[in-house]
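Trainee: I would like to learn how to read the strands, the core and a single residue in a model. Can we go through one?

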Amino acid sequence: MTKETDKTAWRDKADTQQSLREKEFGHGSTAAIPRKAFIGELPIKQRACLEIIGARGKSKVIELGEGELTIGRSPGCSIQLRRSIVSRSHAQVTFRNEEYHLEDLGSTNGTYVNGIKVERCVLRNNDQIDIGGVKMLFSEEKTLQKL
């Protein structure tokens, strides 16, 4: 075999692999593969909560589920913070892609995570959230369940 024949054979093999990927995923080789398709179903137990740290050491713990949670001054919010510098609908916590996300909803005074002003971010265990001077601690626990 010559060098040219080797190159052609290698190129043909690469083209065949590319075609198989395109048939399987419907597009080129870069594709988002859902976690379940890649590794199967993992029995993960997940628990997350927000601890609202109040004055004089009092705190309130709110369990987070997979639903949407709004934080603001308005009585219609899931978590109502009665402070004048908190916007009516200040921020929102959502659960998607196995992670909790925090998004500022265009508030006047901003939303801070670990002292940094954010528009949106993924929350991690022990993140400290500040909304209008109200401090909150995000806690998350993920454990693999035994089969």
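Mentor: We will go from the overall makeup to the sheet, the core and one side chain. Bear in mind that this is a predicted model.

Trainee: How many helices and strands does the protein have, and how are they ordered?

Mentor: The protein has 2 helices and 11 strands. From the N terminus, the order is α-α-β-β-β-β-β-β-β-β-β-β-β.

Trainee: How do I read the pairing of strands?

Mentor: Strands of a sheet pair through backbone hydrogen bonds, either parallel or antiparallel. Here, one open sheet has 5 strands in the order β4-β3-β5-β6-β9, and its pairing is mixed. The edges are β4 (79-80) and β9 (120-122), each of which pairs on one side only.

Trainee: In which sense do β6 and β9 pair?

Mentor: β6 and β9 are antiparallel, with 3 bridges between them. Across this pair, H101 stands opposite V122 of β9.

Trainee: What joins β10 to β11?

Mentor: These two strands run antiparallel and are joined by 5 bridges. They form a hairpin with 2 residues between the strands, where G132 has a positive phi near 60°. I129 stands opposite M136 of β11.

Trainee: Which residues have the most contacts inside the largest nonpolar core?

Mentor: They are L50, V93, I129 and M136, in a core of 24 residues. The strands that each supply at least two residues of this core include β1 (44-53), β5 (91-96), β10 (127-131) and β11 (134-144). Beyond its neighbours within four places in sequence, V93 has contacts that include L50, L64, L69, I71, Y100 and L102. Over the whole protein, 27% of the 147 residues count as buried.

Trainee: How should I read one residue in a strand, say K135?

Mentor: In a regular strand the side chains alternate between the two faces of the sheet. For the case at hand, K135 lies in strand β11.

Trainee: Why does K135 count as partly exposed?

Mentor: Because its relative accessibility is 43%, and the partly exposed class lies between 20% and 50%.

Trainee: What is K135 in contact with, leaving aside its neighbours within four places in sequence?

Mentor: The contacts of K135 are E51, I52, I53, I129 and D130. With D130, the K135 side chain makes a polar contact, side chain to side chain, at 2.5 Å. G54 is 81 residues from K135 along the chain, yet their C-alpha atoms are separated by 7.6 Å.

Trainee: How much area does the protein expose?

Mentor: About 10,500 Å², of which carbon and sulfur atoms supply 50%.

Definitions and conventions. Residues numbered from 1 in each chain as written. Predicted model: local features only at pLDDT ≥ 70, side-chain atom pairs only at ≥ 80, totals over all residues. Heavy atoms only, no water. Core = buried A, V, L, I, M, F, W, Y, C linked by side-chain atoms within 4.5 Å. Buried < 20%, exposed > 50% of the residue type's maximum accessible area, 1.4 Å probe, protein only. Helix = DSSP H or I, 4+ residues; strand = E, 2+ residues; numbered from the N terminus. Contact = heavy atoms within 4.5 Å. Areas by Shrake-Rupley, 256 points an atom, 1.4 Å probe, with all protein chains shown as cover. Pairing = 2+ DSSP bridges. Polar contact = N/O pair within 3.5 Å; in protein donor to acceptor, adjacent residues only side chain to side chain.
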